[in-house]
Amino acid sequence: MLVRLLYASRAVDTRAETIESILNQSRQFNPTSGITGILCYGGGIFLQAIEGGRNAVSDLYGHIQKDPRHKDVVLLHYEEITERRFGGWTMGQVDASRVNTNILLKYSERAELDPYNVSGKVSLALLEELMATASIIGRA
């Protein structure tokens, strides 16, 4: 059974090294667990979609909730899926500060990443548009 989970959190440490550490850890751990997804970050906020088996995704989300690099972890959306949307990345990445502000403004009141003030479905639509506009970088 495949599932998709979308959450937001605030970075405790916003240095580039910390974000790179999170991405590297994801890229190392996720393939053995069958997890794929993307991480969008900007303004100290993370928006992440993770996909995979129900147990693997649940375990990873539980780990993220306890990770000292994250605070204010909020579940935005969870669903059973028939196929992956973000299967091309062990953990793709989007730097929201480099995204065309029109895309961010399309989905929120201001041209900034703010998943705490929009629905989970809106945040998922934003990630899908970022994928469609080739804003996601990273390795498979």
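These legends accompany close-up views of a predicted model.

**View 1. Helix 2 and its cover.**
Helix 2 runs over residues 54-66, 13 residues in total. From first C-alpha to last, helix 2 reaches 19 Å. That is close to the 18 Å expected at 1.5 Å a residue. Val-57, Leu-60, Tyr-61, Gly-62 and Ile-64 are its buried residues. The cover over the buried residues of helix 2 includes two strands from early in the chain, strand 1 (2-11) and strand 3 (45-53). It also includes helix 1 (16-33) and strand 4 (70-81).

**View 2. The largest nonpolar core.**
This core holds 20 residues. Leu-6, Cys-40, Leu-47, Leu-113, Leu-126, Leu-127 and Leu-130 touch the most other members. Strand 1, strand 2 (36-42), strand 3, helix 3 (101-107) and helix 4 (120-132) each give two or more residues to the core. Helix 4 provides the largest share, four residues. Another core lies apart from this one. That other core has nine residues, including Val-3, Tyr-7, Ile-50 and Val-57. Val-57 is also one of the buried residues of helix 2.

**View 3. The surroundings of Cys-40.**
Neighbours within four places in sequence are left aside here. Cys-40 is then in contact with Ile-45, Phe-46 and Leu-47, among others. Its further contacts include Val-94, Ala-96 and Leu-113. Leu-127 and Leu-130 are also in contact with Cys-40. Leu-47, Leu-113, Leu-127 and Leu-130 are, like Cys-40, among the residues that touch the most other members of the largest core.

**View 4. The largest cavity.**
The model has one cavity of 30 Å³ or more. About 80 Å³ of space lies in the largest cavity. Its lining includes Leu-47, Leu-104, Tyr-107, Ser-108, Glu-112 and Leu-113. Asp-114, Pro-115, Val-118, Val-122, Ser-123 and Leu-126 also line the largest cavity. Eight of the lining residues are nonpolar, two are polar and two are charged. Helix 3 and helix 4 each supply at least two lining residues. The largest share, three residues, comes from helix 4. Leu-47, Leu-113 and Leu-126 in the lining are also among the core residues that touch the most other members.

**View 5. Thr-133, after helix 4.**
Thr-133 sits in the segment after helix 4. Its relative accessible area is 39%, so Thr-133 is partly exposed. Thr-133 and Gln-48 are 85 residues apart in sequence. In space, their C-alpha atoms are 17 Å apart.

Note on methods: Residues numbered from 1 in each chain as written. Predicted model: local features only at pLDDT ≥ 70, side-chain atom pairs only at ≥ 80, totals over all residues. Heavy atoms only, no water. Expected span 1.5 Å × (residues − 1). Buried < 20%, exposed > 50% of the residue type's maximum accessible area, 1.4 Å probe, protein only. Contact = heavy atoms within 4.5 Å. Core = buried A, V, L, I, M, F, W, Y, C linked by side-chain atoms within 4.5 Å. 1 Å grid on protein atoms, 1.4 Å probe; cavity = no way out; pocket = protein on both sides within 12 Å on 5 of 7 lines; lining within 4 Å. Points joined across faces, edges and corners; volume = space filled by probe spheres on them. Nonpolar A, V, L, I, M, F, W, Y, C, P; charged D, E, K, R; others polar.
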